[in-house]
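Subject: Structure handover

Hi,

Here is the structure for you to look at. My notes on it follow below.

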Amino acid sequence: MFEKIALIGIGLIGSSLARVIRCENLAGHLAISTRSADTLKRAEQLKLGDSYTTDPVEAARNADLVIVSVPVGASGAVAEAIGPVLKKGAILTDVGSTKASVIAQMAPHVSQGVHFIPGHPLAGTEKSGPDAGFPDLFKNRWCIFTPLPDTEPAALERLSEFWRRCGANIDTMDPAHHDMTLAIVSHLPHIIAYNIVGTADDLEAVTKSEVIKYSASGFRDFTRLAASDPTMWRDVCLHNKDAILEMLARFSEDLASLQRAIRWGDGDKLFDLFTRTRAVRRSIIEAGQDIDAPDFGRQAVGSPEKKTAE
Ligand SMILES: NC(=O)C1=CN([C@@H]2O[C@H](COP(=O)(O)OP(=O)(O)OC[C@H]3O[C@@H](n4cnc5c(N)ncnc54)[C@H](O)[C@@H]3O)[C@@H](O)[C@H]2O)C=CC1
Ligand SMILES: O=C(O)C(=O)Cc1ccc(O)cc1
């Protein structure tokens, strides 16, 4: 599809792209660049690309497609470095979990004639680094683009076709809408997981061994999310601050209402909420959406039987 693709950043997402690009034969030449020499060496050992360099400028030079897959807080510095060497007609994209901040950081460094199309594949795991990637990561997952007002439709279609060949389904939206939506469905769940695991860890006397002992239960699902990359999630929190704070405020209000229902023994209120949320999960399964959790969809999701609180 592209004569030369440059991947800047070769962690979970970059290395998954490298693997699917190879499997699907999407590039004549795949140039890999990453900041750390050790990570680059590992990428070379894994034979993820055709050329390897710690200099992003060298990788991006003459590339037809450049994909930036670094923590969102580093995207501005990468764009500043490679901006001047990007060739006319090249597509520059990213995979960052936040979009308004990435656009603000990268757009000023993109010259006329280069197609900058911000993107975000809604696919990942709690793992990081070049060993963590796999070619099927994007299969049947969404890849959302947040095009700028002057994005050329032909360039957007070319990038969409690339992601379709990687297995993804495409959607486009406004960056602010993306950031608000992702704040509730992705960023908050991670923040809640970091918080609950941190709280449990603080209760040292009771937990240290118990966390492990009882981790086969629901708590284990939180520990998976809470094991996600600290640099990546620090950057997500700092770069989607407003939307996350808005969603946290709503969440806290609803939590206070739940707390009140428990305090006052309002069983009907608890039952109604839990019934509504169970239906949400059922509708996701019925829509045929795959979910990361290993046991997702395997449990029987039956109709709740209304019982009065005892
Ligand atoms: N991990 C996930 O589940 C998902 C992550 N994303 C986004 O993808 C991007 C990359 O995430 P992962 O691949 O998971 O991270 P990762 O930690 O596995 O890999 C990050 C890569 O960026 C490089 N890097 C780190 N700091 C850098 C800097 N200052 N300058 C240049 N390169 C630097 C690292 O050497 C590494 O190659 C992030 O923006 C993240 O928000 C998007 C979807 C899912
Ligand atoms: O590991 C999980 O459950 C995830 O939710 C992965 C993920 C993390 C960040 C994203 O921007 C998109 C997907």
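Is G124 buried or exposed? With 21 C-beta neighbours inside 10 Å, G124 counts as buried; the cut-off for that class is 20 or more. Please keep in mind that this is a predicted model.

More on G124. This glycine sits in the loop that runs between β7 (119-121) and β8 (142-145). Leaving out residues up to four places away in sequence, G124 touches L12 and I13. S228 is 104 residues from G124 along the chain, yet their C-alpha atoms are separated by 9.9 Å.

Overall build

The protein has twelve helices and nine strands. Its radius of gyration is 22 Å, close to the 19 Å that the globule rule gives for 310 residues, so the protein is as compact as a globular protein of that length. The C-alpha trace spans about 70 × 45 × 35 Å along its principal axes. Of the 310 residues, 35% are buried. Take the contacts between residues at least 6 apart in sequence: 74% of them join residues at least 24 apart.

Domains

The domain assignment splits the protein into domain 1 (2-173) and domain 2 (177-264). The C-alpha centres of the two lie 29 Å apart. Domain 1 puts 14 residues into the contact, and domain 2 puts in 17 residues. On the domain 1 side, the touching residues divide into five nonpolar, seven polar and two charged.

Ligand 1

Where does ligand 1 lie relative to the two domains? Domain 1 (2-173) and domain 2 (177-264) both give residues to the shell around ligand 1, so the ligand lies between them. The shell holds 27 residues, and the closest are G9, G11, A74, G124 and S128. So G124, the buried loop residue from above, is one of the closest. Two elements, α1 and α10 (230-239), give two or more residues to this shell. Helix α1 has the largest share, with three residues. By class, the shell has twelve nonpolar, 13 polar and two charged residues.

Cores

In soluble globular proteins, nonpolar side chains tend to be buried together. Here the largest nonpolar core has 53 residues, and I5, L7 and V66 touch the most other members. Helix α1 (residues 12-23) gives the most to this core, with six residues. Another core lies apart from it, with five residues, including L182, A183, I244 and M247.

L7 deserves a look on screen. Beyond its neighbours within four places in sequence, L7 is in contact with G14, L17, A18, L30, I32, I67 and S69.

R22

R22 is also in helix α1. With 16 C-beta neighbours inside 10 Å, R22 counts as partly exposed. R281 is 259 residues from R22 along the chain, and the C-alpha atoms of the pair are separated by 35 Å.

Where to start

I would open the view on helix α1. This helix gives the most residues to the largest core, and the largest share of the shell around ligand 1 also comes from α1. Then go to G124, in the loop between β7 and β8.

Best wishes

Terms used
Residues are numbered from 1 along each chain as its sequence is written. Chains are lettered from A and ligands numbered from 1 in the order in which they are written. This is a predicted model: local features need pLDDT of at least 70, side-chain atom pairs count only at pLDDT 80 or more; totals for chains, interfaces and linings use all residues. A nonpolar core is a set of buried Ala, Val, Leu, Ile, Met, Phe, Trp, Tyr and Cys residues joined through C-beta atoms within 7 Å. A residue is buried if 20 or more other C-beta atoms lie within 10 Å of its own, exposed if 12 or fewer, and partly exposed in between; C-beta atoms are placed from the backbone. Helices (H or I, at least four residues) and strands (E, at least two) are DSSP runs, numbered from the N terminus. Two residues are in contact if their C-beta atoms, placed from the backbone, lie within 7 Å. Domain bounds come from an automatic or database domain assignment. Ala, Val, Leu, Ile, Met, Phe, Trp, Tyr, Cys and Pro count as nonpolar, Asp, Glu, Lys and Arg as charged, and the others, Gly among them, as polar. A residue is near a molecule or strand if its C-beta atom, placed from the backbone, lies within 6 Å of it. The radius of gyration is taken over C-alpha atoms; the globule rule is 2.2 Å times the number of residues to the power 0.38.
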